[in-house]
Amino acid sequence: MTQATSNPKRSSLVYLFNFRKMGFICKPMFVVLTLLVSWSFMHIVGSVPVDPTQGFTELPLKSSNLVIQSPYDLPKSARYSFVKDVHKLWVYSTDKPHSKQSKTHPRTEIRISGYDYSSGVWQFEGHGFVPRGTSGVCIMQVFGATHPRASTFMLRTYKGSLSYYRTPVLVPNIWGRWFKLNVVHDVDASNLKIYIDGNLVHEFPGQGGTSHYFKVGVYGQNDASYYMESRWKGIKIFKKT
């Protein structure tokens, strides 16, 4: 015999309307409480995920389009693996940058090559994973912006949350679970939209620049953890035609 599971929306509304029938709630208070119940229900159930790729065309993506950037003094296999369709990228805060000439922090990133863009509407899609302990690191970026900026967007993780650069926080409690990321960049309209698990979590203006491309992996920032890792699968590139 199974136990019935309560429906938070139905039980709350039934309770409210029974209270109303008993004459304990005046009309203004009834309206306010109805709004509060509706608001609470939306937060319990959550918004309905959407498919941001509708209206876009998927572009062919080969291994030659995935260029690995990792510490220049180490073989790529020391900081990158691809097993069972999962890209695993890791780096230490004491590692060298990706080139001798670079003065940037350590990184192991996949640079999407062959699809640099300067106009139109482009989209990145991928499933990401950040293990517990990885913090102070960029795990995805839209490269290219007006000087002195280098990027139009960075998705970073700090202490288990995903954030737009340092702030605002987009999604908390991300450690140890897979999430789906969609980044839509409308260059001509100077607009970007970020979707996590099909939900629009942030929309913001572009940062200029004459050329852009997508990157994923780990790129140390301020307050980086000693060990940084992210995993990616199902990487796709789309363009609106």
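## Pockets

In what follows, Ala, Val, Leu, Ile, Met, Phe, Trp, Tyr, Cys and Pro count as nonpolar, Asp, Glu, Lys and Arg as charged, and the others, Gly among them, as polar. With those classes, the lining of the largest pocket comes to 7 nonpolar, 6 polar and 4 charged residues. This is a predicted model, so please read each feature below as part of a prediction.

The largest pocket has a volume of about 260 Å³. Its lining is made of 17 residues, and those nearest the centre are Q141, F143, A150, M154 and Y219. If you want to find this pocket on screen, go to β7 (137–143), β8 (151–158) and β14 (213–220), as each of these strands gives at least two residues to the lining.

The second largest pocket holds about 180 Å³ of space. It is lined by 13 residues, with L61, L66, F82, H87 and I235 closest to its centre. Here the strands to look for are β2 (66–69), β3 (80–83) and β15 (227–240), each with at least two lining residues. The largest share, 3 residues, comes from β15. By class, this lining has 7 nonpolar, 3 polar and 3 charged residues.

## The fold as a whole

Stepping back from the pockets, the protein has 2 helices and 15 strands. Of its 241 residues, 44% count as buried. Among contacts with a separation of 6 or more, 67% are between residues 24 or more positions apart.

## Salt bridges

The model has 8 salt bridges in total. Three residues, R107, E109 and K215, are linked in a network of such bridges. Within this network, the side chains of R107 and E109 meet at 2.9 Å, N to O, and both residues are buried. K215 also forms a salt bridge with E109, again listed at 2.9 Å, N to O. This second pair brings together distant parts of the chain, with K215 in strand β14 and E109 in strand β5 (residues 107–112), 106 residues apart. Both K215 and E109 are buried.

Another salt bridge joins the side chains of E125 and K180, at 3.7 Å from N to O. These partners are 55 residues apart, E125 being in strand β6 and K180 in strand β11 (residues 178–186). Are the two ends of this bridge buried or exposed? E125 has a relative accessible area of 6%, so it falls under the 20% cut-off and counts as buried. K180, at 24%, is partly exposed because its value lies between the 20% and 50% limits.

## Two serines in loops

S135 is in the loop between β6 (121–129) and β7. With a relative accessible area of 12%, S135 counts as buried because that value is under 20%. Its side chain reaches the backbone nitrogen of K159 at 2.9 Å. Leaving out residues up to four places away in sequence, S135 touches T157, Y158, K159, D223, A224, S225 and M228.

The loop between β5 and β6 holds S119, which is partly exposed at 39% relative accessible area. What does S119 touch beyond its neighbours within four places in sequence? The partners are V187 and D188. V187 is 68 residues from S119 along the chain, yet their C-alpha atoms are separated by 5.2 Å.

## Backbone details to look at

Two cis peptide bonds are worth finding as you trace the backbone. One joins H147 and P148, with omega about 15°, and P148 sits in the loop between β7 and β8. Another joins T167 and P168, where omega is about 10°. P168 belongs to the loop between β9 (161–164) and β10 (169–171).

There are also residues other than glycine with positive phi. N173 has phi near 50° and lies in the loop between β10 and β11. At 63% relative accessibility, N173 is over the 50% cut-off and therefore counts as exposed. For D223, phi is about 60°, and the residue is found in the loop between β14 and β15. D223 counts as exposed too, at 57% relative accessibility. You have already met D223 above, as one of the residues that S135 touches.

Technical notes
Residues numbered from 1 in each chain as written. Predicted model: local features only at pLDDT ≥ 70, side-chain atom pairs only at ≥ 80, totals over all residues. Heavy atoms only, no water. 1 Å grid on protein atoms, 1.4 Å probe; cavity = no way out; pocket = protein on both sides within 12 Å on 5 of 7 lines; lining within 4 Å. Points joined across faces, edges and corners; volume = space filled by probe spheres on them. Helix = DSSP H or I, 4+ residues; strand = E, 2+ residues; numbered from the N terminus. Buried < 20%, exposed > 50% of the residue type's maximum accessible area, 1.4 Å probe, protein only. Polar contact = N/O pair within 3.5 Å; in protein donor to acceptor, adjacent residues only side chain to side chain. Contact = heavy atoms within 4.5 Å. Salt bridge = Lys/Arg side-chain N within 4 Å of Asp/Glu carboxyl O.
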